[in-house]
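User: I would like to learn how to read a few features of a protein model, beginning with enclosed space. Could you take me through them one at a time?

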Amino acid sequence: MNSGVARDRIEKYVNILHHPELSDAEANLLLQPGDITGFIAETENRKRASELIALMPYAVRPYSDAKTYIAEKFIEAMGENMHLLEDFIGAREKHSKNMEYCALRKLGSEVYSKEDVDGQYKEVLKLLQDAEGNPDELKRYQELKGYPAGSLGKGFWDFYAQFAWPPPGYPRWISEELTVRHDLIHILCSYDISINGEFQVAAFTAGNSEQFKWMIAMLGFTPPYFSTGQQFAAADFFQAYSRGENATKSFVDTWDFWPEMERQIDDLRAECHI
């Protein structure tokens with residue numbers, strides 16, 4: 001596309017939504033979904049544009065069904081396979097919720113021990129409403145305390161203990177599915193829980209995932225982990241992405257981590273080229 005023409009089109013359609021009112025999603029579309037196909041002709045470009053548009057509902061809080069609806073209408077108009085789209089949206093929501101949980105627990109016990117804290121954390125507390133706990137799961141994680149020093153399981157126990165976080169299975173807390181693989185990457189890669197450390201985990205996860213790699217990486221730049229600049233180290237981010245991509249196995253998505261819990265962390269790192 002001629003650069004001048006492209007610039008004119010970008011300037012014309014820089015605003016495609018009314019903002020911030022989204023009560024009527026259809027009424028908020030300044031650029032209609034069918035119109036977008038005339039400007040993105042190439043199949044590969046449509047695929048990339050669809051992935052970017054799928055991230056947009058997560059760029060600014062509050063998240064809403066109306067925002068998701070708008071994004072999906074544009075994606076569908078570009079002819080993306082709907083089965084793949086469902087997988088994409090599921091992965092996007094999973095990793096976004098994972099980061100929400102990660103931020104929530106850093107607020108401390110004053111959050112998860114109460115129904116509400118003067119309304120300050122009302123939105124994130126919704127994540128705990130259905131967390132009833134699982135005594136068997138809790139017992140299994142508590143037993144990690146007795147695992148050998150240097151093992152992945154003992155590393156997991158120590159990681160939680162230093163922050164006084166309840167382990168998975170604890171009532172009104174965080175599920176195994178949404179947190180443990182994330183935390184094991186912290187441990188395997190020695191990434192701390194600073195903002196930069198969370199960026200590194202997001203980048204490693206993206207590189208190490210078997211699908212939607214760059215989408216996961218970009219989620220690291222949406223709430224709650226957006227950066228002012230000082231908290232983000234680009235070199236660390238890209239190094240972590242390469243580290244995940246170059247590993248010889250995937251530690252995200254569907255990794256069955258329990259058979260690895262008794263293994264030494266150093267052995268896993270060496271074997272899997274982490």
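User: Which residues lie nearest the centre of the largest cavity, and how many residues line it?

Analyst: Rolling a probe the size of a water molecule over the atoms shows where empty space is left. In this structure, which is a predicted model, the largest cavity is lined by 18 residues, and those nearest its centre are His-95, Asn-98, His-182, Thr-205 and Val-252. Two or more lining residues come from each of helix H5 (82-105), helix H10 (176-189), helix H11 (195-208) and helix H12 (213-219), with H10 giving the largest share, six residues.

User: What volume does the largest cavity have, and how do its lining residues divide by character?

Analyst: The volume of the largest cavity is about 210 Å³, and the structure holds one cavity of 30 Å³ or more. As for character, the lining divides into eight nonpolar, five polar and five charged residues.

User: Turning to aromatic rings, how many aromatic pairs are counted, and what is the geometry of the pair formed by Phe-159 and Trp-165?

Analyst: Such a pair is read from the distance between ring centres together with the angle between the planes, where an angle over 60 degrees counts as edge-to-face. The count comes to 13 aromatic pairs. Phe-159 and Trp-165 form an edge-to-face pair, with 5.8 Å from centre to centre and 80° between the planes, and both of these residues are buried. Tyr-160 and Trp-165 form an edge-to-face pair as well, at 5.6 Å centre to centre and 90° between the planes.

User: Why does Trp-165 count as buried, and which residues do ring pairs link into a cluster?

Analyst: Trp-165 counts as buried because its relative accessibility is 8%, where the cut-off for that word is under 20%; Tyr-160, with a relative accessible area of 4%, is buried too. The cluster linked by ring pairs consists of Tyr-141, Phe-156, Phe-159, Tyr-160, Phe-163, Trp-165, Phe-251, Trp-255, Phe-257 and Trp-258.

User: Finally, how should I read a single loop residue such as Ser-151: is Ser-151 buried or exposed?

Analyst: One can begin with position, then accessibility, then contacts. Ser-151 sits in the loop between helix H8 (135-142) and helix H9 (152-161), and with a relative accessible area of 0% Ser-151 is buried. Its side chain reaches the backbone oxygen of Pro-148 at 2.7 Å. Once the neighbours within four places in sequence are set aside, Ser-151 is in contact with Met-261, Glu-262, Arg-263, Gln-264 and Ile-265.

Note on methods
Residues numbered from 1 in each chain as written. Predicted model: local features only at pLDDT ≥ 70, side-chain atom pairs only at ≥ 80, totals over all residues. Heavy atoms only, no water. Helix = DSSP H or I, 4+ residues; strand = E, 2+ residues; numbered from the N terminus. Buried < 20%, exposed > 50% of the residue type's maximum accessible area, 1.4 Å probe, protein only. Polar contact = N/O pair within 3.5 Å; in protein donor to acceptor, adjacent residues only side chain to side chain. Contact = heavy atoms within 4.5 Å. 1 Å grid on protein atoms, 1.4 Å probe; cavity = no way out; pocket = protein on both sides within 12 Å on 5 of 7 lines; lining within 4 Å. Points joined across faces, edges and corners; volume = space filled by probe spheres on them. Nonpolar A, V, L, I, M, F, W, Y, C, P; charged D, E, K, R; others polar. Phe/Tyr/Trp six-rings, centres within 6.5 Å; stacked < 30°, edge-to-face > 60°.
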